[in-house]
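Here's a quick tour of a fold, pitched for someone just getting started. Have a look at the picture first, then read on.

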Amino acid sequence: MQLGYFVDPLHHPGSDYTKNIHDDLDQIVLLDQLGYAEAWIAEHFTAPWENIPSPELFIAQALGMTKHIKLATGVTCLPNHYPFQLAHRIAQLDHQAKGRFMWGIGSGATPTDFEAFGIDAASNEQRDLTWETLEMVLKIWDGLEPGTYENKFWKFTIPEPMEDIGFYMHMKPYQLPHPPIAVAGMSPRSESLVVAGERGWMPLGINFVPPRTLKAQWQVYSEAAAKAGRVPDRSQWRICRDVVVADTTEEARELALSGVMARDFEVYFRQVMDKLGFLKYMKEDPATPDDDIDLQYMVDNLWLVGTPDEVADQI
């Protein structure tokens, strides 16, 4: 097992954004010095608590400040992007990283982001758009034939080459055929993880799903991989968890129940999960009432809290 970090910034709205972003960069530098293997950077346009709208820009600067740690989008919300431009940006970033980049992709879940980009989340059109955009990016990298390509949200043209003056589609990623792709899933039988298993992409376990869901997700991923003739590799599985470690159990629990994580959960994260109808994904027992999803529940069921030995046992 290797240690990684998920930079889903939780900065109180109204705080100094310049300080926030540089604190996050300094955190990546520290993680690199401590020997962390990788860090994943989230993308949100309209969520000031989670305030990095361009993980690509963040990663580009962090690459120049670090030596070893791999950096990844966690995730690029594909419905927010135009595939022709996205293919070029991600390919360029992959070259700048020289192997230290992984591409996490997903559909996103922030309703105001969906509204900003004209996406009807009520009909789940973001899901089809996610796969259409991803497939188009992969085709561009693979050498898409000249022509016009479009769907409801985007339209672009691969131009005919002008060989005499050297104008033609040329950009491909550094890691061929593409950087490692990772896909997150929420439900026990996530369709996204089925696709990931079929394609040999990395599965991402989100921090707020309980162990029973993780087990089911690995089974679904493994079955899909086997049907596609692939051998599922557990070393590719990324599992995210909120962790609080202290010298004593009592100190760790006090930090979890009254510290910054508690503030972020009560003031922001739980309200978001309730508003989006996601509390069901957090339940170890599906019969658990929504009102029972509180700080004590998080400490007892989802967060890893305790002494170093206790947290190691929980992992």
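Let's start with two helices: the crossing of H3 and H5 is right-handed, meaning the near helix is turned clockwise from the far one by less than a right angle (anticlockwise would be left-handed). This is a predicted model, where local features need pLDDT of at least 70 and side-chain atom pairs count only at pLDDT 80 or more, while totals for chains, interfaces and linings use all residues. Residues are numbered from 1 along each chain as its sequence is written, and side-chain values use heavy atoms, with hydrogens and water left out. Helices (H or I, at least four residues) and strands (E, at least two) are DSSP runs, numbered from the N terminus.

**Where H3 meets H5**

- The axes of H3 (residues 83–97) and H5 (residues 125–142) come within 9 Å and cross at roughly 60°; axes are lines fitted to C-alpha atoms, for helices over the stretch in contact, and angles run from 0 to 180 degrees between N-to-C directions.
- That angle makes H3 oblique to H5 (under 35 degrees is roughly parallel, over 145 roughly antiparallel, 65 to 115 roughly perpendicular, and the rest oblique).
- Contact (heavy atoms within 4.5 Å) involves residues including Phe 84 and Ile 90 of H3 and Met 136 and Trp 141 of H5.
- Sorted by type, the contact residues come out as 10 nonpolar, 1 polar and no charged; Ala, Val, Leu, Ile, Met, Phe, Trp, Tyr, Cys and Pro count as nonpolar, Asp, Glu, Lys and Arg as charged, and the others, Gly among them, as polar.

**The sheet**

- Seven strands, or 7 in the order E1-E2-E3-E4-E7-E8-E9, make an open sheet with parallel pairing; two strands pair if DSSP finds at least two bridges between them.
- E1 (4–7) and E9 (238–239) sit at the edges with a single partner strand each, so one side of each has no neighbour in the sheet.
- E1 and E2 (residues 38–41) run parallel, joined by 4 bridges.
- H3 also lies across E3 (70–77) and E4 (101–106), at about 150° to E4.

**Backbone oddities**

- Most residues other than glycine have a negative phi, and most peptide bonds are trans.
- The bond from Gly 74 to Val 75 is cis, with omega near 10°, and Val 75 is in strand E3.
- Lys 98, in the loop between H3 and E4, has a positive phi of about 50°.
- Lys 98 counts as exposed at 60% relative accessibility (buried is under 20%, exposed over 50%, partly exposed in between, with a 1.4 Å probe and protein chains only).
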